[in-house]
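Me: I have a structure on my screen and some terms I want to understand. Can you take my questions one at a time?

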Amino acid sequence: MPKKSLFIELFGESPTIKVLDYLLTERELDFSISDMARNADIGRATLYRIWENLITNGIIIHTRAVGKSKLYKFNINNPKIKNLMEIDDMLVTYELRSRAE
C-alpha cells in the first residue's frame with residue numbers, strides 16, 4: 001500500500017480531501033472527470049457526488065474540451081486555493097527539513 005501524502009495524513013481520507021491532494025500535486029495540469037477520479041483513487045460516482053461543491057466553491061474550473069471530454073483544473077487563482085497550496089508547500093518543506101536533520 002502506498003504511503004499516504006502529508007496532506008491526507010493531516011486532513012483525513014475523505015473523497016474531497018483525496019481530490020484536493022491530487023490536484024495540489026498536479027496543480028498546473030488539467031484532467032477529465034474520469035482521470036481525476038482514477039488518480040485521486042475514488043470512484044466516478046463519488047466524484048460526481050462532490051462535483052457541484054468543487055465547482056460552486058471555485059476549487060476547479062473548466063479549461064477546455066477535447067472531443068467530447070471536458071477538462072478541468074485546480075483554480076490556482078482562488079484565494080482559498082492559494083492558502084491550501086501554501087499549507088501543502090509548508091508540509092512538504094517541513095518534511096524535507098525533518099529528513100535532512
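Reply: Here are short answers about the sheet, a helix and a lysine in this predicted model.

Me: What makes β2 and β3 a pair?

Reply: Two strands pair if there are at least two bridges between them. Six bridges join β2 to β3, so the cut-off is met. The two strands run antiparallel. H62 stands opposite Y72 in β3. V66 has S69 of β3 as its bridge partner.

Me: Why are β1 and β2 called edge strands?

Reply: The open sheet has the order β1-β3-β2. β1 (30-31) and β2 (60-66) each pair on one side only.

Me: Why does β1 count as a strand, with residues 30-31 alone?

Reply: A strand needs at least two residues. β1 covers 30-31, so it qualifies.

Me: What links β2 to β3 in the hairpin?

Reply: Two residues lie between them. G67 is in the turn and has a positive phi of about 65°.

Me: Which helix lies across the strands, and at what angle to β3?

Reply: Helix α2, residues 15-25, lies across β1, β2 and β3. It runs at about 80° to β3. K18 is found in this helix.

Me: Why does K18 have no salt bridge with E13?

Reply: A salt bridge needs the charged atoms within 4 Å. E13 has the nearest side chain of opposite charge, and it is 4.2 Å away. That misses the cut-off, so no salt bridge is counted. K18 is buried all the same.

Me: How do you know that K18 and E13 are still in contact?

Reply: Contact means heavy atoms within 4.5 Å. The 4.2 Å separation fits that limit, so they are in contact. Beyond its sequence neighbours within four places, K18 also touches I8, A40, D41 and I42.

Note on methods
Residues numbered from 1 in each chain as written. Predicted model: local features only at pLDDT ≥ 70, side-chain atom pairs only at ≥ 80, totals over all residues. Heavy atoms only, no water. Helix = DSSP H or I, 4+ residues; strand = E, 2+ residues; numbered from the N terminus. Axes fitted to C-alpha atoms, helices over the stretch in contact; angles between N-to-C directions. Buried < 20%, exposed > 50% of the residue type's maximum accessible area, 1.4 Å probe, protein only. Lys, Arg positive; Asp, Glu negative; His and termini not counted.
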